[in-house]
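User: Please pick out one part of this model and look at it closely. Then tell me, in plain terms, how the other parts compare with it in where they sit and what they touch.

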Amino acid sequence: MAFDYKKEYKEFYMPKKKPELVEVPEMKFIAVRGKGNPNEEDGAYQKAIGLLYGIAFTIKMSKKGDHKMDGYFDYVVPPLEGFWWQEGAMGVDYSRKEDFCWISLIRLPDFVTEGDFQWAVDEAQRKKKQDYSKVEFLTISEGLCVQCMHIGAYDDEPATIAVMDQFIREQGYENDFSETRMHHEIYLSDARRVAPEKLKTVIRHPIKKIGK
């Protein structure tokens, strides 16, 4: 049976509907950076998602080709994720979607090296006749965070975030947003097929002890 990160690492992908603290280890990702409204039809964000999945499935299906990756095991492609921020702001303002900066990501299995990643980029470009130059290999270590499962529309996330903020204050922590620590979302539902009120999204924020 294919390894499923959502099931094997429930502490990172299936949190409760109430806030909790989590220490997130270093992980590898396929990533594309961009700016602008993610809802724009055929916009930069939508194109980025296509690039991510193009590489993700090239790596997953490498088992059927000549390129062999050391330690390869069959797996379910992990869910789409995103880091979000707005220049000059702490957190995000959902009413200013056109000002969003983002890094869209899909997690990579640990066995994937930078060499394997570059092979996948070259292979995808060769097979799909598409430009994959915007795709990056990223290693990210989030460290200490607060996270919560949000059920509902993306525009309703501020209510969940308010509960998260209250929780960390009660625990003696505060948000720790910076150029390297950002608002993080993990998308467990396909927004094209699931009603907005039923969407499942993991919201994760970096934190630190108050005053440190």
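Analyst: K129 is exposed, because its relative accessible area is 71% (exposed means over 50%, buried under 20%, partly exposed in between, with a 1.4 Å probe and protein chains only). The model is predicted, so local features need pLDDT of at least 70 and side-chain atom pairs pLDDT 80 or more, while totals for chains, interfaces and linings use all residues. Residues are numbered from 1 along each chain as its sequence is written, and side-chain values use heavy atoms, leaving out hydrogens and water.

K129 is found in the loop between helix 4 (114-128) and strand 4 (helices are DSSP runs of H or I with at least four residues, strands are runs of E with at least two, and both are numbered from the N terminus). The backbone of K129 has a positive phi, about 55°, and K129 is not a glycine. Most residues other than glycine have a negative phi.

D42 can be set beside K129. D42 is not a glycine either, and its phi is positive, at about 60°. D42 belongs to the loop between strand 1 (20-35) and helix 3. Its relative accessible area is 56%, so D42 is exposed.

A loop residue can also be buried, and S62 shows this. S62 sits in the loop between helix 3 and strand 2. S62 counts as buried because its relative accessibility is 3%. Not counting residues up to four places away in sequence, S62 touches H67, M69, Y72 and W119 (contact means heavy atoms within 4.5 Å).

Strand 4, which follows the loop of K129, spans residues 136-151 and holds E142. Is E142 buried or exposed? E142 counts as buried, because its relative accessibility is 10%. Which side chains form polar contacts with that of E142? One is the side chain of H184, joined to that of E142 at 2.8 Å, and another is the side chain of R204, joined to it at 2.9 Å (a polar contact is a pair of N or O atoms within 3.5 Å; within protein, one must be able to donate a hydrogen and the other to accept it, and residues adjacent in sequence count only if both atoms are side-chain atoms). Both H184 and R204 also appear in the contact list of E142, which leaves aside neighbours within four places in sequence. The other residues in that list are V24, P25, F83 and R181.

The last part to look at is the largest nonpolar core, which has 58 residues (a nonpolar core is a set of buried Ala, Val, Leu, Ile, Met, Phe, Trp, Tyr and Cys residues joined through side-chain atoms within 4.5 Å). Helix 3, residues 44-60, supplies the largest share of this core, with 8 residues. The residues with the most contacts inside the core are I30, I55, I59, L105, F117 and V135. I30 has its own list of contacts, again leaving aside neighbours within four places in sequence. Among them are I55, L105, F117 and V135, each of which is also named with I30 for having the most contacts inside the core. The list for I30 further includes L52, A56, S104, I106, L108 and E136.

To return to the starting point, K129 is exposed at 71% and has a positive phi of about 55°, whereas S62, also a loop residue, is buried at 3%.
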